[in-house]
Structure formats: C-alpha cells, structure tokens
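User: Could you take me through one part of this model in detail? I'd like to know how the bigger sheet is put together and what packs against it.

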Amino acid sequence: MSKLRVAVIGCGSIAKNRHLVEYNNNSQVEIVAVCDIVEERAREAAELYQAKAYTEYETLLAEENIDAVSVCLPNYLHAPVSVGALNAGCHVLCEKPMATSREEADQMIEAARQNNKKLMIGHNQRFVPSHQKAKYLIEQGELGKIYSFRTTFGHGGPESWSADGARSWFFKKDQAFIGAMGDLGVHKADLIRYLLNDEFTDVAGFIETSAKENANVDDNAVLILKSENGIVGTLAASWAYTAKEDNSTVIYGENATLRMEDHSNYSLVAQYKNGEVVNYELGGIQSNDEGGQTNTHVIDHFVESIVHDTDPLINGEEGKKSLEVILAAIESTKKEGIA
C-alpha cells in the first residue's frame, strides 16, 4: 500500500514537537507539505522533513494531492481551515479545542460527513496508559458506584514553550477565544467523559484572569460538574502552577479510589476501602517540560483510522461534547453576572 500523503498546517510548537515528529516516525506516512504564515517556520520544517513549504493553506490544498492534514493553528482558525481541508478531500486531525462555538463544531462535523472523511480531535489524554487502565478498572466494576472526582491540569503557562513566547496567540482573546480552559481544561473534560462514560448536565464555572498580565483570556478556572448519572466533581485548569505541573485525576467510588498521575513513582494508585493498595508502574504522563511528547499515540491512531477505515476514538461528535463542557462554564459565569 502506498503511503498516506500528509500536510501539517501551522508549524508552531505543537506541530514541531508532536505532529511532525510522530508523522515522521510512522512508516505509513509521507510528510509532503507544511504551511505557516511565518515563512521561516514553514521553510525550516520543510527542510527538516524534505517537504514543500507554503505560507497559504488554500494554495497548499489546491496544489498538493494530500490524503490527510493536521490543523495546528490558533483556535479561531481550527474550524475554517478544517472545513476547507475536508472540502478539499482530506482527512483532518485538528488540535483542541476543536472550535470556538457549537456552530463551528457542527460545520466541521457536517463537512466530514458530506465528504466522507475522518475528523479527529487531538485529545491525547485518552491514550495515557494510566487513564486507559483506570477506565478498564471502572468498567470491570472495581470501584462500584462512582460518587465523585477531581481533575486538574495546570502549569506555568504556554510562554515557556509556545513558538512566540509571551507574545503568543494563546494570550489573545481574538485568536484564542479561551485561555487555560481551552488549552488544558478541555483535555480534562474529554478525559472525565471518557473515564466515566457519562455526559455532564450541569456546569458552573469560576473563571479568572489573574496570573498573566499579558493575557485577556482566562488563566485560572475551576468548574463544578454534575453528570447524567449524578456524579459530581471539580475540574481545574490553570497557567499559574509555577512550581510544578499538575496533571492529576482522582475518581472516588464506593469500593475504591483511583489516583492517576498523582504519585511521584506510580502513575496509577488504586486504594480499596478494605485497606488494600495496588500501585501501577505504567510510565508517567509526558509533559512539555520533559522533552515533549514524542509518542502520544494520537497520530498513530489517526493514521490507523484512515488505513483501516474505522471511526477515530475522538471524532467530531466527541470533540464537540468536550468543547460544550467548557462553553457551558463560560455561559454559567455570564448568567451569574460575573464575566
């Protein structure tokens, strides 16, 4: 079988450290073209991967025979560029959050349907070994009834690794739409939905811009969530965890508590109410501070879904449901008159 011809649109940090690296490591893929509005970035990536450089994605889509595209752009461009690529006959892997509104998400989903192409959203937390093991234990009934959870994702902010540092689009509302919630919180919304196999019916959010002087988007947020099955919990997203990243999740059940990425040595700890403790060494979650994620399994899963014509684990519908949790948090603050 011939290799999939892939293009990466957007050559910032997420493309440089994850998408391009992982595509290059996949034997079923050929990186054909790259695109960035900053010509130097596009040219550097093109030289590294023997690809053709573009500064306009429309030109790339028109001139190249592309099978699949990664959209690694500021949030406000996710929907229009994804729809353009889908309409050009490409499968699309879009970075999170998939869009800036429900309407945009629907446009992406409809474009994928009309063109019979795959649309996957880059929520990598579902592929983390500790999270997959925890989901298995929950499905096997190890925890019994689930009562509550807490999940958090925070670090010192994207200026330490974003291509533009403190001047990054991450801090600009007209380009990012949302800040820490879109960068980090939507990952955890997707993870909790995945772990619990449940949807959230009630969302309340406390959202602040208090840590970054250069930002007009949220940099600290805490959400209170209630699911269809009556499970309540909290989700925190922050760019103010300056000393050390926190990427932990805890699930509380009637028979046991599961602690994921919450221990320095064990990526998963199962604490049973009879006193038994099971420590799992499954390999720690990768972070930007530790050399990046060179195998998130997102790219490999996307490629396999194309090759074998299967539905991606995080398709457009799943991406929209996780986005809706964040949108609901924003809406809740407006209803209370505090945003």
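Analyst:
**The mixed sheet and its helices**

Eight strands make up an open sheet with mixed pairing, and their order is 8-9-10-7-11-12-13-14. At the two edges sit strand 8 (200–208) and strand 14 (277–280), each of which pairs on one side only. On average, neighbouring strands of this sheet are turned by 10° against each other, ignoring direction. Keep in mind that this is a predicted model.

For a look inside the sheet, take strand 7 (residues 146–154) and strand 10 (residues 232–238): they run parallel and are joined by seven bridges. One pair to click on is Thr152 with its bridge partner Ala236 in strand 10.

Now for the helices. Helix 8 packs on this sheet and touches strand 7, strand 8, strand 9 (220–227), strand 10, strand 11 (249–253) and strand 12 (256–260). The direction of helix 8 makes about 150° with that of strand 7. Helix 10 packs on the sheet as well, touching strand 8 and strand 9, and its direction makes about 65° with that of strand 8.

These two helices also meet each other. The axes of helix 8 (residues 180–196) and helix 10 (residues 316–335) come within 9 Å and cross at roughly 120°. Angles of 65 to 115 degrees would count as roughly perpendicular and those over 145 as roughly antiparallel, so helix 8 ends up oblique to helix 10. The crossing of the two is right-handed.

If you want to select the contact, helix 8 brings Met181, Gly185, Val186, Ala189, Asp190 and Arg193. Facing them from helix 10 are Glu318, Lys321, Ser322, Leu323, Val325, Ile326, Ala329 and Ile330. Sorted by class, the contact between helix 8 and helix 10 has eight nonpolar, two polar and four charged residues.

For contrast, there's another sheet in the model. Six strands form it, also open, in the order 3-2-1-4-5-6, and here the pairing is parallel. Strand 3 (52–54) and strand 6 (119–121) stand at its edges with a single partner strand each, so one side of each lacks a neighbour in the sheet. The twist in this sheet averages 20° from one strand to the next. Helix 9 (residues 298–307) packs on it, touching strand 1 (4–9), strand 2, strand 4 (68–71), strand 5 (91–94) and strand 6. The direction of helix 9 makes about 160° with that of strand 5.

Terms used
Residues are numbered from 1 along each chain as its sequence is written. This is a predicted model: local features need pLDDT of at least 70, side-chain atom pairs count only at pLDDT 80 or more; totals for chains, interfaces and linings use all residues. Side-chain values use heavy atoms; hydrogens and water are left out. Two strands pair if DSSP finds at least two bridges between them. Helices (H or I, at least four residues) and strands (E, at least two) are DSSP runs, numbered from the N terminus. Axes are lines fitted to C-alpha atoms, for helices over the stretch in contact, and angles run from 0 to 180 degrees between N-to-C directions. Contact means heavy atoms within 4.5 Å. Angles under 35 degrees count as roughly parallel, over 145 as roughly antiparallel, 65 to 115 as roughly perpendicular and the rest as oblique. A crossing is left-handed if the near helix is turned anticlockwise from the far one by less than a right angle, and right-handed if clockwise. Ala, Val, Leu, Ile, Met, Phe, Trp, Tyr, Cys and Pro count as nonpolar, Asp, Glu, Lys and Arg as charged, and the others, Gly among them, as polar.
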